[in-house]
Amino acid sequence: MARTIIAANWKMNKTIGQAVEFARGLKNALLQKPVEATVVIAPPFTSIGALSAELKNSTVCLAAQNMNPAAAGAYTGEISGEMILDAGCRYCIIGHSERRRLYGEDDAIINAKVIAALNYGLLPILCIGETLEEREAGTTLAILTRQLKEGLNNVSADDIQKIVIAYEPVWAIGTGKTATPGQAQEIHLFIRNLLSAMYGEKEAGGISIIYGGSVTAANISSLMAEREINGALVGSASLDLASFLAIINFDGQGL
Ligand code: PGA
């Protein structure tokens, strides 16, 4: 059974002080009312250390938004998997569409990052998703197949359980246009079937496939009601604490 994971992708937002204030509020809210989902925050690199200290003894996990696949060396401006782990991260977002589009990351480099992350004991959140042009051209499934197969190249059946797949249609990111729950479910099922063909049905069933793209407190429940949607990667709506708390309490039950 796949775990439910709700991850906040803060992108290039929040100073250290703002990040710590949010984390304190989140930690206290979870102490009062724990939630069933695994809650992950991906802050900018500058806030990871301070959040790691603030969230010690809390159930909230930290993720980096990116990493360099090399172990160390002359890579000005880059951060390694070892550094991320050392700073307190358990997860690393890899292959976000903004990295693919703005920084020219291709499937080969993304795969190198996935392998390096696994080698360090980090849990990769591998992002895949089609652009609007690709969707309109009818190539969505081919694009997702390529991104998934190449992104997971050389990932063993043992390691696949450590990976979270985030389906983020690029046309839904930061646009206010969410995929309908039905559209998302259809693609998640396609991804699950592809993972089944690659790793076996049992293994595929345990992999969390989360949805991202304009997720808000208003649409999270209907997305989560779909069978193959195991959580969400939330951008804009994760920046405000009340909004993020409403999202992680999507079932209205807590524990
Ligand atoms: P959004 O971003 O929720 O602002 O659309 C999601 C993401 O890019 O991970």
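A polar contact here is a pair of N or O atoms within 3.5 Å. The model is predicted.

**Ligand site**

E168 meets that cut-off through its side chain: one of its polar side-chain atoms lies 2.7 Å from an oxygen atom of the ligand. Backbone atoms also approach the ligand. A polar backbone atom of G174 sits 2.7 Å from a ligand oxygen. For S214, a backbone N or O atom is 2.8 Å from an oxygen atom of the ligand. The surroundings of the ligand comprise 13 residues. Among these, K11, H96, E168, G174 and S236 come nearest.

**Helix packing**

Two packed helices are described by the angle between their axes and the distance between the axes. Three pairs are listed here.

| Helix pair | Axis angle | Axis distance |
|---|---|---|
| α7 (residues 140-151) and α8 (residues 181-199) | roughly 45° | within 11 Å |
| α5 (residues 107-120) and α7 | about 40° | 8 Å |
| α1 (residues 16-32) and α11 (residues 241-248) | roughly 35° | within 10 Å |

*α7 with α8.* The axes cross at roughly 45°, and α7 and α8 are therefore oblique to each other. Their crossing is right-handed. From α7, the contact uses T140, L141, L144, T145, L148 and K149. From α8, I187, F190, I191, L194, L195 and M198 take part. By class, the residues of this contact are 9 nonpolar, 2 polar and 1 charged.

*α5 with α7.* Helix α7 also packs against α5, at an angle of about 40°. That angle makes α5 oblique to α7. On the α5 side, the contact is made by D107, N111 and V114. On the α7 side, R146, Q147, E150 and G151 contribute. The residues of the contact of α5 with α7 divide into 1 nonpolar, 3 polar and 3 charged.

*α1 with α11.* Here the axes come within 10 Å and cross at roughly 35°. The crossing is right-handed. F22, G25, L26, A29 and L30 of α1 meet L241, F244, L245 and I248 of α11. This contact holds 8 nonpolar residues, 1 polar residue and no charged residue.

**Recap**

Helix α7 meets α8 through residues including L141, L144 and L148. Helix α7 meets α5 through residues including R146, Q147 and E150. At the ligand, E168 offers a polar side-chain atom, while G174 offers a polar backbone atom.

Methods: Residues are numbered from 1 along each chain as its sequence is written. This is a predicted model: local features need pLDDT of at least 70, side-chain atom pairs count only at pLDDT 80 or more; totals for chains, interfaces and linings use all residues. Side-chain values use heavy atoms; hydrogens and water are left out. Axes are lines fitted to C-alpha atoms, for helices over the stretch in contact, and angles run from 0 to 180 degrees between N-to-C directions. Helices (H or I, at least four residues) and strands (E, at least two) are DSSP runs, numbered from the N terminus. Angles under 35 degrees count as roughly parallel, over 145 as roughly antiparallel, 65 to 115 as roughly perpendicular and the rest as oblique. A crossing is left-handed if the near helix is turned anticlockwise from the far one by less than a right angle, and right-handed if clockwise. Contact means heavy atoms within 4.5 Å. Ala, Val, Leu, Ile, Met, Phe, Trp, Tyr, Cys and Pro count as nonpolar, Asp, Glu, Lys and Arg as charged, and the others, Gly among them, as polar. A residue is near a molecule or strand if one of its heavy atoms lies within 4 Å of it. A polar contact is a pair of N or O atoms within 3.5 Å; within protein, one must be able to donate a hydrogen and the other to accept it, and residues adjacent in sequence count only if both atoms are side-chain atoms.
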